[in-house]
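Ready for a few exercises? Have a look at the structure below, then work through the tasks one step at a time.

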Amino acid sequence: MQFRSIALACFTAFAASGCADTASEPVVEAGVVTAEATAPTRIYASEGALELSFETLGTFEERDGERALVLRATANRYLQHVFSFVPDDAFGTAAIISERRFEVVLKEGHELNTVLSGLPLFITVNTFTGTPNQYTARIVVAPRFYDFRGASDIYVETEVNPVYVRNGDDVLVYRGHVSAAANSLLVTAPDGTPTVTRVSAGQFLLDWRYPAVYQAIDPHTVPLTFNAALTGGGTAQKTARLVARVTELALTSGDAYEVWPSQPCLPSVHACVYSQPQGALDFSACGTYRQVSRCMYAGVCEGGATSPLALTAIDASVLEPERLQWNSTSTGMSWHHLEPVDAYSIPECPTEPKTIQSVMAKLTALNPQLPYPDTGSFVGRSGLSQVLFFNPWRDGDQLLAAVDAFAGGGEVQAWISTYEVPCHNCHDNEAWAVLFYPDSGKVLVFKGNHGYDS
């Protein structure tokens with residue numbers, strides 16, 4: 001085994017004293033402890049009363065008649081419940097196998113490919129004792145080479161990373177790198193051999209689509225053989241095993257969605273993707289597969305915000321006929337009235353979130369008559385039929401149709417407020433509604449009243 005692999009073996013939370021100088025400390029952030037999997041055996045993290053470790057090397061087994069990657073973990077507390085998921089969806093299967101041990105099973109195919117492609121896997125961990133006693137672990141699993149044997153003339157990078165390369169509908173490639181002063185490189189194995197490309201003097205790419213990378217890692221005991229025809233004459237050979245490893249482990253007792261929010265399209269990745277020449281197929285220079293995927297069909301705003309959120313008044317006089325028609329059905333005994341509609345637009349790519357809450361913060365400062373947002377309610381399109389101005393029995397559906405046409409339709413985020421005001425021998429209510437159309441960036445403000453003679 002090469003020296004770099006020997007050094008990797010020294011990093012564990014309980015490293016022998018002879019390895020102490022090579023151990024790395026976990027990276028500590030607010031509410032989360034993260035460690036890098038630089039050891040080939042276990043990876044550790046701790047938070048509160050819980051210490052958790054995973055065997056970094058996953059093993060393949062038959063589960064319910066299917067091949068599956070099994071990842072095993074150990075805790076220092078008695079386990080009550082475990083559950084594996086990705087954001088907003090159960091994923092894989094987590095199960096307690098003894099008082100302080102559990103396993104995570106990822107079936108070959110969609111589950112395994114999804115996680116190997118870079119999507120983190122979350123595991124809820126509940127313990128019987130300790131404070132706190134509910135945690136979430138976050139792991140990353142990736143293909144990795146190890147157990148290098150043979151000539152030093154061939155250097156096989158440990159990492160095999162998912163990248164975005166178009167090939168019809170399949171855009172996911174698992175890519176490794178080999179350095180060798182060689183004219184050619186041949187990689188052989190019983191199955192799961194990569195496509196080898198010489199990209200420069202001494203540099204070769206190893207590319208697998210998912211079916212081949214799965215064959216290469218299952219079983220993990222079978223090595224790949226590298227044979228190089230050296231430029232200086234002669235040949236060299238090396239073997240290495242490709243395995244599925246837990247490369248990252250993090251643990252938190254906080255809200256997993258807040259501690260590890262979903263990543264947006266990064267401006268630097270967006271700029272790289274859209275600077276590639278027309279017809280480009282390989283986007284590996286721009287980032288990982290998932291980073292590029294987030295930006296591949298992203299709108300212009302996902303490449304970076306351009307200006308602060310601000311409200312610019314626009315002309316809404318086109319709505320006057322519908323407003324007057326709506327007012328015309330009012331009577332002296334039961335009335336309703338809508339004032340001329342104010343309309344605004346916001347920048348296409350604001351630095352603040354494009355939400356009704358952000359819009360209301362700006363409107364409150366702009367219009368002192370507007371009630372404070374917390375005195376009303378936030379609703380979506382489904383709640384508009386209950387709003388005074390858009391209630392169908394008052395022909396409000398016609399008014400809303402005109403508003404939709406003006407604002408562009410689509411998603412609507414709204415704020416509404418109604419409260420009683422003084423009225424002699426009658427009942428009267430002031431009503432407000434603010435409609436925000438995120439797709440067009442248009443904002444409409446409705447003010448009116450309704451009541452009846454008592």
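A disulfide here is a pair of cysteine sulfur atoms within 2.5 Å. Keep in mind that this is a predicted model.

**Exercise 1. Find the disulfides and work out the handedness of each.**

Step 1: Count them. The structure holds three disulfides.

Step 2: Start with Cys265 and Cys295, whose sulfur atoms sit 2.0 Å apart. The torsion about their S-S bond is about 110 degrees, so this disulfide is right-handed. The pair ties together distant parts of the chain, 30 residues apart: Cys265 lies in the loop between helix H4 and helix H5, and Cys295 lies in helix H6.

Step 3: Move on to Cys272 and Cys286, with sulfur atoms 2.1 Å apart. Here the S-S bond has -75 degrees about it, making the link left-handed. Cys272 belongs to helix H5, while Cys286 is in the loop between H5 and H6, 14 residues apart.

Step 4: Finish with Cys423 and Cys426, where the sulfur-to-sulfur distance is 1.4 Å. This link is left-handed too, with -75 degrees about the S-S bond.

**Exercise 2. Decide which of these cysteines are buried.**

Step 1: You need the cut-off: buried means under 20% relative accessible area, and partly exposed runs from there up to 50%.

Step 2: Cys265 and Cys295 are buried, and both Cys272 and Cys286 are buried as well.

Step 3: Now split the last pair. Cys426 has a relative accessible area of 13%, so it counts as buried. Cys423 has 28%, so it is partly exposed.

**Exercise 3. Describe helix H9 and what it packs against.**

Step 1: Check the length. H9 covers residues 396-407, twelve in total, and reaches 16 Å from its first C-alpha to its last, close to the expected 16 Å.

Step 2: Pick out the buried residues; among them are Leu399, Leu400, Val403 and Phe406.

Step 3: Look for their partners. The buried residues of H9 pack against several elements, including helix H7, strand E26 and strand E27.

Step 4: See what comes next. Gly408 follows H9, and its phi is positive, near 105 degrees.

**Exercise 4. Locate the nonpolar cores.**

Step 1: The largest nonpolar core has 76 residues, and Phe54, Phe102, Ile123 and Trp208 are among those with the most contacts inside it. Strand E20 gives the largest share, seven residues.

Step 2: Zoom in on Ile123. Its contacts include Phe54, Val82, Phe102 and Tyr135.

Step 3: Then find the second, separate core of 25 residues, which includes Ala316, Ala343, Leu435 and Phe446.

Technical notes: Residues numbered from 1 in each chain as written. Predicted model: local features only at pLDDT ≥ 70, side-chain atom pairs only at ≥ 80, totals over all residues. Heavy atoms only, no water. Helix = DSSP H or I, 4+ residues; strand = E, 2+ residues; numbered from the N terminus. Expected span 1.5 Å × (residues − 1). Buried < 20%, exposed > 50% of the residue type's maximum accessible area, 1.4 Å probe, protein only. Contact = heavy atoms within 4.5 Å. Core = buried A, V, L, I, M, F, W, Y, C linked by side-chain atoms within 4.5 Å. Lists of a residue's contacts leave out its neighbours within four places in sequence.
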